[in-house]
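Work through the following exercises with the sequence and the coordinates side by side. Each task is followed by a solution that proceeds step by step.

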Amino acid sequence: MTDAAPKTGRRPKRGKYAPAPLDESEILRRGLDTFAELGYAATTVRELARRLEVSHNFVNDRYGSKGDFWRAVVDYALLDVQAGFDQRLAECRDDDARLRSVIVELYRQSANASAMNRLLTDESTRDSDRLDYLHQRFIKPFWDSVEPTVTSLMAAGRIPRVPPHVLYTAITGPALALAQDPIADRLNPAAAPVAGQDRNSLADALSSLVLHGLLATGDGSTRPDP
């Protein structure tokens, strides 16, 4: 993820709008946090202005509408994400290694981008033009990139033959659960709060468990990592 070029916003002060420099990446980051916390419907332009510390008409003036701002936030959050998957896939020499590598990458990205993870989880439950946008920008490119690998593994009997949406859920569902810190803390109250733990370690533990199930051999073991 890279920062966009800085732009200037306007921050309210004592009822008047005084010019103040606002970095574009900070505007989009705060927008992402707001949409992730409240959901799209509950996120008003007024609330965005309050959290961005800008004038009430800032979002409409700069981005056109709340919907356009949401799309800018998603573009910002997903910048270079698919490139990371493509690099992982290109570096591996066989299908087992490709699936292992891309799942590790997916879970690490999900664990370290909890706001985008929560937004994606929320929007995936609703049939909307926003889900269409997420499908176009993230879901379809990701699945298109891994589908040849999973198809080959199915043909070889390495993973079960199931409908594509079932396999997609088996792979991505656990990644979405990495945003559920509150329930994780309740399930393991003796441990330190999960939000403060090493996110990569949590992601790797989960990916190891999922891969053990997907690539299990007939005796219940898994083939060693290449």
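The exercises below concern a predicted model, and they go from the overall fold to single residues.

**Exercise 1. Describe the secondary structure of the protein and the share of its residues that is buried.**

Solution. Begin with the elements: the protein has eleven helices and two strands. Reading along the sequence then gives the order β-β-α-α-α-α-α-α-α-α-α-α-α. Turning to accessibility, buried residues make up 41% of the 226 residues. Finally, among the contacts with a separation of 6 or more, 62% are between residues 24 or more positions apart.

**Exercise 2. Determine the geometry of the aromatic pair formed by Trp143 and Tyr168, and place both residues in the chain.**

Solution. A pair of aromatic rings is described by the distance of the centres and the angle of the planes. For Trp143 and Tyr168 the centres are 5.6 Å apart and the planes stand at 85°. Because an angle over 60 degrees counts as edge-to-face, the pair of Trp143 and Tyr168 is assigned to that class. The next step is to locate the partners: Trp143 belongs to helix α8 (residues 129–155) and Tyr168 to helix α9 (residues 164–177), so that the pair links distant parts of the chain, 25 residues apart. As for accessibility, Trp143 counts as buried because its relative accessibility of 11% is under the 20% cut-off, whereas Tyr168, at 22%, is partly exposed.

**Exercise 3. Find which aromatic residues are linked into a cluster by ring pairs, and which charged end sits over the ring of Tyr40.**

Solution. The structure holds nine aromatic pairs. Following ring pairs from one residue to another yields a cluster made of Phe35, Tyr40, Phe58, Tyr63, Phe69, Trp70 and Tyr133. Tyr40, a member of this cluster, also has the charged end of Lys66 over its ring, 4.1 Å from the centre.

**Exercise 4. Characterise the packing of helix α6 against helix α11, and state the classes of the residues in contact.**

Solution. First take the axes: α6 (residues 95–112) and α11 (residues 199–214) pack at an angle of about 145°, with their axes 8 Å apart. The crossing of α6 past α11 is right-handed. On the α6 side, the residues that make the contact include Leu99, Ile103, Val104 and Tyr107, and on the α11 side they include Ala203, Leu206, Val210 and Leu214. Sorted by class, the contact has ten nonpolar, three polar and four charged residues.

**Exercise 5. Locate Glu53 and Asp80, and give the phi and the accessibility of each.**

Solution. Start with helix α2 (residues 45–52), in which Glu47, Leu48, Ala49 and Leu52 are buried. α2 is followed by Glu53, which lies in the loop between α2 and α3 (58–63). Glu53 is not a glycine, yet its phi is positive, about 60°, and at 33% relative accessibility it counts as partly exposed. Asp80 lies in the loop between α4 (66–77) and α5 (81–91). Asp80 likewise is not a glycine and has a positive phi, of about 70°, and its relative accessibility of 44% makes it partly exposed.

**Exercise 6. Is Asp181 buried or exposed, and which residues does it touch?**

Solution. Asp181 is found in helix α10 (residues 181–187). With a relative accessibility of 17%, Asp181 counts as buried. Leaving aside residues up to four places away in sequence, Asp181 touches Val194, Ala195 and Arg199. For Ala195, which is 14 residues from Asp181 along the chain, the C-alpha separation is 6.4 Å.

Conventions
Residues are numbered from 1 along each chain as its sequence is written. This is a predicted model: local features need pLDDT of at least 70, side-chain atom pairs count only at pLDDT 80 or more; totals for chains, interfaces and linings use all residues. Side-chain values use heavy atoms; hydrogens and water are left out. Rings of Phe, Tyr and Trp (its six-membered ring) pair if their centres lie within 6.5 Å; planes under 30 degrees apart count as stacked, over 60 as edge-to-face and the rest as tilted. Helices (H or I, at least four residues) and strands (E, at least two) are DSSP runs, numbered from the N terminus. Buried means under 20% relative accessible area, exposed over 50%, partly exposed in between (1.4 Å probe, protein chains only). A charge sits over a ring if NZ of Lys or CZ of Arg is within 6 Å of the ring centre and within 35 degrees of the ring normal. Axes are lines fitted to C-alpha atoms, for helices over the stretch in contact, and angles run from 0 to 180 degrees between N-to-C directions. A crossing is left-handed if the near helix is turned anticlockwise from the far one by less than a right angle, and right-handed if clockwise. Contact means heavy atoms within 4.5 Å. Ala, Val, Leu, Ile, Met, Phe, Trp, Tyr, Cys and Pro count as nonpolar, Asp, Glu, Lys and Arg as charged, and the others, Gly among them, as polar.
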